[in-house]
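Hi,

Here is the structure I said I would pass on. Have a look at it first, and then read my notes below.

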Amino acid sequence: MEPKRITIFAGHYGSGKTNIAVNYAIRIKQNGYPVKIGDMDIVNPYFRTKDSAKELSDAGIELISPAFANSNVDLPALPQQLYALVWDKSYYAVLDVGGDDRGAYALGRYADFIKEENNYEMVFVANFFRPLTPDADSAIEVMREIEDACKIKFTSVVNNSNLGNLTTAKDVESTFNKAKELCEKTGLPLLFTSCTQEVSKNLNADNTFAMTLQKKYFDIKEI
């Protein structure tokens with residue numbers, strides 16, 4: 001299936017949306033689509049898309065990021081090239097939005113253009129192991145805060161629940177019902193569940209919900 005022209009990844013701080021955005025951009029590039037990725041994280045100067053600049057460059061993907069990324073300066077300034085990324089329909093755009101509603105305000109600058117084109121996916125990245133999003137209801141609170149800030153509604157969900165390098169298949173499986181509940185309560189589809197390739201090999205195939213997810217599995221190099 002062809003991806004939307006603009007794919008936006010947003011979520012609570014620490015949800016892992018940056019890794020999702022980077023891997024998603026690389027995946028659609030591998031599928032033959034011209035793609036650029038925009039780092040819109042004005043909240044966290046320490047872990048940004050720019051950390052994967054070499055990997056993106058090796059994949060032939062242009063990265064547009066704030067001038068002060070990977071420094072201890074955190075100014076709410078975004079490069080003009082991000083406007084071009086939203087306007088230029090010759091490329092597919094992947095946007096990594098800063099955590100929570102504060103980061104989503106930056107996306108609001110482009111909301112009118114994005115909604116006018118109406119060819120976008122606004123993805124909520126959920127990590128149910130984070131202390132402020134342990135369940136569907138708390139995740140929905142964060143979703144609504146982000147939507148209010150950026151003026152764009154979410155269109156799908158990604159379950160990126162993980163405990164970093166300690167994540168096991170059982171950990172991932174333990175969040176399936178939470179992801180399902182989140183989707184049922186919001187009426188949004190589950191785009192995919194992410195995990196490392198090693199973890200995905202050990203998922204319980206007897207779990208019917210897991211079998212459904214495996215058809216859409218998206219293996220992430222790092223979590």
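What follows is a run through what turned up, starting with the whole chain and then going place by place.

Keep in mind that this is a predicted model. The chain has 223 residues, and 53% of them are buried. Its secondary structure comes to 10 helices and 8 strands. Among contacts with a separation of 6 or more, 78% are between residues 24 or more positions apart. The chain exposes about 10,700 Å², with carbon and sulfur atoms supplying 49% of that area.

The place I'd open first is aspartate 96, in strand β4 (residues 92–97). Aspartate 96 has 0% relative accessibility, so it counts as buried. What does its side chain meet in a salt bridge? The partner is the side chain of lysine 17, at 3.2 Å from N to O. That pair links distant parts of the chain, since lysine 17 sits in helix α1 (residues 17–30) and aspartate 96 in β4, 79 residues apart. Both aspartate 96 and lysine 17 are buried. The aspartate 96 side chain also makes a polar contact with the side chain of threonine 18, at 2.7 Å. Phenylalanine 9 is another one to look at here: 87 residues separate it from aspartate 96 in sequence, but C-alpha to C-alpha they are 5.3 Å apart.

Another buried charged residue is lysine 36 in strand β2 (residues 35–40). Its relative accessible area is 16%, and the cut-off for buried is under 20%, so lysine 36 falls on the buried side. Leaving out neighbours within four places in sequence, lysine 36 is in contact with Ile61, Glu62, Leu85, Tyr91, Tyr92, Ala93 and Val94.

On to the salt bridges: the count for the chain is 9. Besides the aspartate 96 one, here are two more:

- Glutamate 181 and lysine 185 meet through their side chains at 2.9 Å, N to O. Both lie in helix α8 (residues 176–186), 4 residues apart, about one turn of the helix. Glutamate 181 is partly exposed at 33% relative accessibility, and lysine 185 is partly exposed too, at 44%.
- Lysine 201 pairs with glutamate 198, with the closest N and O atoms 3.7 Å apart. Lysine 201 is exposed, at 61% relative accessible area, and glutamate 198 is exposed as well, at 52%.

The α8 pair has company: Asp137, Glu181 and Lys185 are linked in a network of salt bridges.

Asp137 brings us to helix α6. Aspartate 135 caps the N-terminal end of α6, with a side-chain oxygen 3.4 Å from the backbone nitrogen of aspartate 137. The helix runs over residues 136–150, and its 15 residues should span 21 Å at 1.5 Å a residue; the end C-alpha atoms are 21 Å apart, which agrees. Buried residues in α6 include Ala136, Ile140, Met143, Glu147 and Cys150. Just after α6, lysine 151 takes a positive phi of about 65 degrees.

Finally, strand β7 (residues 190–195) has 5 of its 6 residues buried, so it is largely enclosed by the rest of the structure. Strand β6 (residues 156–159) pairs with β7 in the parallel sense, over 3 bridges. In that pairing, asparagine 159 stands opposite threonine 193.

That's the handover; over to you.

Conventions. Residues numbered from 1 in each chain as written. Predicted model: local features only at pLDDT ≥ 70, side-chain atom pairs only at ≥ 80, totals over all residues. Heavy atoms only, no water. Helix = DSSP H or I, 4+ residues; strand = E, 2+ residues; numbered from the N terminus. Buried < 20%, exposed > 50% of the residue type's maximum accessible area, 1.4 Å probe, protein only. Polar contact = N/O pair within 3.5 Å; in protein donor to acceptor, adjacent residues only side chain to side chain. Contact = heavy atoms within 4.5 Å. Pairing = 2+ DSSP bridges. Expected span 1.5 Å × (residues − 1). Areas by Shrake-Rupley, 256 points an atom, 1.4 Å probe, with all protein chains shown as cover. Salt bridge = Lys/Arg side-chain N within 4 Å of Asp/Glu carboxyl O.
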